[in-house]
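Colleague: Thanks for making time for this. Could we go through the model together, with the reasoning behind each label?

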Protein chains: 2
Amino acid sequence: MTSRQVTLAEVAKEAGVSLATASRVLNGSTRQVSEELRERVLGTARRLGYLPNASAQALARNSSVLVGLVVHDIADPYFSSIAAGVTRIAESAGLVVVLGTTGRDPRREVELVNTLRAHRARALVIAGSRTTDRSASRRLAEEITAFTAQGGRVACVSQAKLGTDTVVPANRSGARALARGLAALGHRRFAVLAGPPDLLVARDRLAGFKAGLADEGLELPDGCVITSDFTRDGGHAAVADLIAARTGATCVFAVNDVMAMGAMAALRDHGLRVPEDVSVAGFDDIPTLRDLVPALSTVRLPLEDMGERAARLVLDDVVAPPRTVRVAGEVVLRASTAHPSGIGLR
Amino acid sequence: MTSRQVTLAEVAKEAGVSLATASRVLNGSTRQVSEELRERVLGTARRLGYLPNASAQALARNSSVLVGLVVHDIADPYFSSIAAGVTRIAESAGLVVVLGTTGRDPRREVELVNTLRAHRARALVIAGSRTTDRSASRRLAEEITAFTAQGGRVACVSQAKLGTDTVVPANRSGARALARGLAALGHRRFAVLAGPPDLLVARDRLAGFKAGLADEGLELPDGCVITSDFTRDGGHAAVADLIAARTGATCVFAVNDVMAMGAMAALRDHGLRVPEDVSVAGFDDIPTLRDLVPALSTVRLPLEDMGERAARLVLDDVVAPPRTVRVAGEVVLRASTAHPSGIGLR
DNA sequence: AAGTCCGTGGAAAGCGCTTTCCAACACGCT
DNA sequence: AGCGTGTTGGAAAGCGCTTTCCACGGACTT
C-alpha cells in the first residue's frame, strides 16, 4: 500500500542533471542554474509529483520549520485566543505550529519543551503562568536554556521570570485600576476569587487589586479571599465558600473571566442577582464575554494580539535576548457591576 | 552561541561502544544489550545530556511522530473543543500534534495537508465541513490520497465524503428532532439562519430541520431562510435581514451555536426579548453555552469526544480504511425556547 | 597570447540516526 | 571432538537532502 516516495535523486536522474542541480532548483538556493536545466528540473519534479522530505531537509540544513506552542488547555478561550494569534503569525511566515498542552502540569511542560527541542523547533512560545514552585521553574528554565543554546528562540506570555523574551500583561496595574473603578461605583466591601495560591498571575492580580483598594483607603480582609482552581468550575465551586464566609461583600472580583463566569452561574443558582444583589468582575476579556448577560465587567487584554506579539518576538532576527513587551489592560465596566444597592453577601 | 548538539556517535565513543549498540540501548530496539554496556551507555547519555535528533530518527525510520490537526479557526469553541480531544489522545500516545488553521480557505486546506505530507506526519485529523465546491474537494481528495498512499492515516470530522475514516455528527437527524421539539412547544412559524449556502454541514442541518417541520405538517417558506457567515458575527448580521423579512416567525433556528449567540445579541439590540418575543435555538452545544442567559437550546454534540474518536480512528492499527463513526445529537431545550406568547417577528 | 574572473555543473562528503549483515562466542547436543 | 543454535557486538550501508569544493568554459583584461 505504502507507495515509495519520489526522491530528489529520482527527479535529478529523470531530468538528466546532478543531485546538486536538482536541489538548487527546487529550493531557494542562492546559486544560479541556467534557464534550460531549471525548466527541465521543474518540469520533471511536477510530472513525478515530487515533494521534498521535510525531515531530510531539517537534518541536512540543521534547522526546522517548526514553531512550538505550549498552552495549558486549548479549549480555554484565553489560550485558544492566544493560539490564534500565534498561529496566524507563524503560518504567514511559512512555519508550522506544533501544539502542546500541559493540563497545568509543570512536569508535562518540561517534557514538551524537551520534545520540541528534540525536533529542533526553531522557536517556542510558552503561554500560561508560572507558579511559585521553585524546582519546577528551575527545571523549566534548564530546558529553556538548552533550547536556546541549541539556537532556538523562546518567548513566554506571562511573567518575565525565565530570562526569555516575554509578553507580559499588566496584571497588577490592571487589577489596581479595576479596583479603583469598582470603588468609584460605590463599593466598599469586596471579595476576591483568587485562584490557586501558587499561581503567579493570580497572585499578581490579587496584589494589584489590593493595591487599588488601598489607594481608596479600603482593605481586603483575609476572609474575603477565596482560593480555588483557575477554571470556570473553580469559580463556580468557590461561590459556596464565598457565601459561607459571610463577607458582606457587594462586589466580587474573580482573577480571570472563566472563573467569573462560573461564579455568576453559581450566584444565580443561589438565587442572587447580578448586579442587583452583587456585582461581579473578571479579568482578560475573553471573546465569549460579549454574549454574556449581564455583560461582564473586566480588564481587557488584547489576547490574539498578545499571541501575535509573542510570535513576532520569537521570529524576528533581532539578537537582543530578554526583551519585554508590556501589554496594557483596559478596565471595561459593563452591566455586571453597578452601584451597590443591596446588602451584599451576608 | 549555538552550541553543538550531543550526538549518538559522541555518546557511543565516550561509552566505548559502537554506534549500533548505543542506538539499541537508547531507543526501544528489540535487540538485547548486555546489562553492563547498557548501563554504561545510559550513564554517559545522561551525563552528556544526549537528546536524540527527531528529524534524523524520522529520516532513518521513515516515519515520524507527528499528527496533523487541521481546523478552520482555533479560537472558535467548536474547533478548540475538538482540538482538545485530539491532542489529549495524541499526546497520551506519545505523539506530537501539528496544528494548522485554514481560515476556511479550501486552498489553504490543501496546502496544509501537503505540508503535513512533506513532514511525513503519521496521521491527520481534518475538522470542519466541506463545501459544495467540487474542484476544491477534488484537490483535497487528491492530497489525501497522496497522504494515505504514503502510509499516513486520515480522519475527518464532518461529512463522509472523502473516502477517509470519518466521525460524522447527526446533523440531519439532530436538526430534525430539534424541529419537532420546537414544534411541540407550540411554534408554527420558523426562521432559519442557515449559514453559507455552500457549506455542507449547514445544508444538512437546514434540510434536517425542514424534514422535522414536515413531520409536523409544517413548512419553511423560502423567505424564512437567511444566509450569512457561519460565525458569531454572521449570526449577528443575519438578524437585520431576518427582521426586514417580516417572517412572523416565533422561533429562530441558527445552524450553529456561535451564530445563535450572535443572533441573540442582535435581537436584544433590536429590543426583542428571548424567549418572550422570539425563541432561539442553535446547534453543537459548545461549552460556553452553559453560561449564557437565557441558556441556549441546542443539539448537543460531544465535541471533545468527537475529537478523541477521530484521533483514535487514525491511531489504531485497524486496516479497515473508510470507517464511519456516527455521533448522535441530543436535543437540549433550555430557557431560550419557550411556548410562543408574542406575535413573533412581524 | 597569457592570465583572471565569473558563472555554472557535478562529485562527494556529510547531517544523525536505524538496521542489516556478519563475526564471535557460549552453550547444549550427539 | 564436532556441530547446530542462540545471543550479543560492531561495521557499514543507507534514509533524502544540502553544501562545499573542484572543474570547466567563456568573457575580460593587460
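Colleague: Happy to start with a detail: where does B:Pro294 lie?

Modeller: This is a predicted model, and in it B:Pro294 sits in the loop between strand E9 (279-281) and strand E10 (298-300) of chain B. The peptide bond that leads into B:Pro294 from B:Val293 is cis, with omega near -5°. In chain A, a cis peptide bond likewise joins A:Val293 and A:Pro294, with omega about -5°.

Colleague: What makes A:Asp284 worth a look, judging by phi?

Modeller: Phi of A:Asp284 is near 125°, which is positive although the residue is not glycine. A:Asp284 belongs to the loop between E9 and E10 of chain A.

Colleague: Why is the contact of A:Arg232 with B:Asp291 called a salt bridge?

Modeller: The rule asks for a side-chain nitrogen of Lys or Arg within 4 Å of a carboxyl oxygen of Asp or Glu. For A:Arg232 and B:Asp291 the N to O distance is 2.8 Å, so the pair qualifies. Across the interface of chain B and chain A, six salt bridges are found by that rule. The two chains also share 13 residue pairs in polar contact, counting residues at pLDDT 80 or more.

Colleague: Which elements of chain B give two or more residues to the side that touches chain A?

Modeller: They are helix H4 (54-61), helix H5 (77-92), strand E2 (96-101), helix H6 (106-118), helix H10 (232-244) and helix H11 (257-269). By residue kind, that side divides into 24 nonpolar, 15 polar and ten charged.

Colleague: How do you know that E2 of chain A and E2(B) pair?

Modeller: Pairing needs at least two bridges between the strands. Here there are three, in the antiparallel sense, so the two strands count as paired. In this pairing A:Leu99 stands opposite B:Val97.

Colleague: Why speak of a two-fold axis for these chains?

Modeller: A turn of 180° with a shift of 0.0 Å along the axis lays chain B on chain A, at an RMSD of 0.0 Å. That is the relation of a two-fold axis, which is why the term applies. The same surface serves both copies, as 100% of the contact residues of chain B recur in chain A.

Colleague: And what makes A:Arg176 and A:Asp215 a link between separate parts of chain A?

Modeller: Their closest N and O atoms are 2.8 Å apart, in a salt bridge. A:Arg176 lies in helix H8 (residues 171-184) and A:Asp215 in helix H9 (residues 200-215), so the pair ties together parts that are 39 residues apart in sequence.

Note on methods. Residues are numbered from 1 along each chain as its sequence is written. Chains are lettered from A and ligands numbered from 1 in the order in which they are written. This is a predicted model: local features need pLDDT of at least 70, side-chain atom pairs count only at pLDDT 80 or more; totals for chains, interfaces and linings use all residues. Side-chain values use heavy atoms; hydrogens and water are left out. A polar contact is a pair of N or O atoms within 3.5 Å; within protein, one must be able to donate a hydrogen and the other to accept it, and residues adjacent in sequence count only if both atoms are side-chain atoms. Helices (H or I, at least four residues) and strands (E, at least two) are DSSP runs, numbered from the N terminus. Ala, Val, Leu, Ile, Met, Phe, Trp, Tyr, Cys and Pro count as nonpolar, Asp, Glu, Lys and Arg as charged, and the others, Gly among them, as polar. Copies are superposed by least squares on the C-alpha atoms of residues with pLDDT of at least 70 in both. Contact means heavy atoms within 4.5 Å.
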